[in-house]
Amino acid sequence: MHTLSLIESPGVSGAVVGRDGGVSPAPYDSLNLSFGVGDASEHVRENRRRLKAAFGIGVLASARQVHGDEVWVIDEPLTQDTELAGYDALVTNQPGIGLLIQQADCQAVLLHDPGHKVVANIHAGWRGSVAGIIGKTIRTMTERFGTRPGDLRAGISPSLGPCCAEFVNYQIELPLELHGYQVGQHHFDFWAISREQLRQGGVREERIDTIGICTKCSPEYFSFRRDRVTGRFGSVIMLAPAA
Ligand SMILES: [Zn+2]
């Protein structure tokens, strides 16, 4: 299993896992984490079991993501792995729950509030960026758990980089305030957009880490733009269970 740390901090693990090390056949080979792409569910269950074992995750929380801006707040223990429809951000103050975002070019934006011991994982594709899901998630953490945005640490996962984020119809699809992030004829820097949205939400520049890996350019990751019919890799964040 190919893993890279996205947030390095005591009491929390936040990482991305690549596509190798699972049991799914092509075109989902091999660590496909999504039940929604046509892969056999027994393969996905085994892949998720391996993910949980690799990170010591007690219970996995995930969503059938819809490119919206709804935030699922988990403030009580979960007794079993749970996937709910219609959410694109997950927040919890419960140790041992792994918050999973499933990806194939979209970003996962991981947040950790070390003071209040709260974590979040945000699915941020371009529709989520337009909807302001990063800011909405930070406001939810503040309202529900007292998070001060200046205390947050943030990590931005591998995703479609400025090299490959081509939006031929950007004048229709992207609002004017995002046009300033154009880096080529039809290319946009969504890593910079997320960093700016984090800053606007109150996160300090020096506490934002961008891993800077493009999924379409990197065969270690599933990429919808590259392969169309493919699996989903994942980013996960979890508060460490009490020792
Ligand atoms: Zn690229």
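**From a loop with cis peptide bonds to a zinc site and two pockets**

In this predicted model, Ser30 has its place in the loop that runs between β2 and α1, and a convenient way into the structure is to begin there. Ser30 is joined to Asp29 by a cis peptide bond, whose omega angle is about -10 degrees. A cis peptide bond also joins Ala26 and Pro27, with omega at about 5 degrees, and Pro27 has its place in the loop between β2 and α1. Pro25 is found in this loop too, which lies between β2 (12–17) and α1 (41–55). With a relative accessible area of 42%, Pro25 is partly exposed. From Pro25 one can look across to Cys214: the two residues are 189 residues apart in sequence, and their C-alpha atoms are 23 Å apart in space.

Cys214 leads to the metal. Which residues hold the zinc ion? Its protein donors are the SG atoms of Cys163, Cys164, Cys214 and Cys217, which lie 2.2 to 2.4 Å from the ion. The angles among the four donor atoms run from 103 to 115 degrees, and the site is tetrahedral. For orientation, the ideal angle at a metal with four tetrahedral donors is 109.5 degrees. Along the chain, the donor residues follow the spacing C-C-x49-C-x2-C. Cys163 sits in the loop between β10 (153–156) and α4 (170–173), while Cys217 sits in the loop between β11 (208–210) and α6, so this pair ties together parts of the chain that are 54 residues apart in sequence.

How accessible these donors are can be read residue by residue. Cys163 counts as partly exposed because its relative accessibility is 46%, a value between the limits of 20% and 50%. Cys217, at 47% relative accessibility, is likewise counted as partly exposed. Cys164, in contrast, is buried, with a relative accessible area of 14%.

The cysteines also raise the matter of disulfides. How many are counted when a disulfide is taken as a pair of cysteine sulfur atoms within 2.5 Å? By this rule the count comes to zero. Cys106 illustrates the point: the cysteine sulfur closest to its own is that of Cys214, and the 13 Å between them is too far for a bond. Cys106 is buried, with 17% relative accessible area.

Cys106 in turn leads to the largest pocket, since this residue, together with His67, Ala104, His123 and Phe224, lies nearest the pocket's centre among the 30 residues of the lining. The volume of the largest pocket is about 720 Å³. Several elements supply at least two lining residues each, namely β3 (59–64), β7 (97–103), β9 (118–124), α2 (126–131) and α6 (224–227). Sorted by class, the lining is made up of twelve nonpolar, ten polar and eight charged residues.

His67, one of the residues nearest the centre of the largest pocket, deserves a separate look for its backbone. Its phi angle is near 60 degrees, a positive value in a residue other than glycine. His67 lies in the loop between β3 and β4 (71–74), and with a relative accessible area of 34% this histidine is partly exposed. A phi angle near 60 degrees, again positive in a residue other than glycine, is found at Arg228. Arg228 lies in the loop between α6 and β12 (233–239), where it is partly exposed, with 49% relative accessible area.

Beyond that loop, Phe233 has its place in strand β12. Is Phe233 buried or exposed? At 0% relative accessibility, Phe233 counts as buried. Between the C-alpha atoms of Phe233 and Gly96, which are 137 residues apart along the chain, the separation is 21 Å.

The second largest pocket remains to be described. It holds about 300 Å³ of space, and 17 residues line it, of which Ser129, Gly132, Glu196, Gln197 and Gln200 lie nearest its centre. The elements that give two or more residues to this lining are α2, α3 (133–145) and α5 (190–200). By class, the lining of the second largest pocket has seven nonpolar, seven polar and three charged residues. Helix α2 therefore appears in both accounts, as it supplies at least two residues to the lining of the largest pocket and gives two or more to that of the second largest.

Key:
Residues are numbered from 1 along each chain as its sequence is written. This is a predicted model: local features need pLDDT of at least 70, side-chain atom pairs count only at pLDDT 80 or more; totals for chains, interfaces and linings use all residues. Side-chain values use heavy atoms; hydrogens and water are left out. On a 1 Å grid over the protein atoms alone, a cavity is a set of points where a 1.4 Å probe fits but cannot get out, and a pocket is an open set with protein on both sides within 12 Å along at least five of seven lines; lining residues have an atom within 4 Å of a point. Grid points are joined across faces, edges and corners, and a volume is the space filled by probe spheres set on the points. Helices (H or I, at least four residues) and strands (E, at least two) are DSSP runs, numbered from the N terminus. Ala, Val, Leu, Ile, Met, Phe, Trp, Tyr, Cys and Pro count as nonpolar, Asp, Glu, Lys and Arg as charged, and the others, Gly among them, as polar. Donors are N, O and S atoms within 2.8 Å of the metal (3.2 Å for Na, K and Ca); water is not among the atoms, so sites may look incomplete. Four donors count as tetrahedral if all angles lie between 85 and 135 degrees; four count as square planar and six as octahedral if opposite donors are over 155 degrees apart and all others between 65 and 115; anything else is irregular. Buried means under 20% relative accessible area, exposed over 50%, partly exposed in between (1.4 Å probe, protein chains only). A disulfide is a pair of cysteine sulfur atoms within 2.5 Å.
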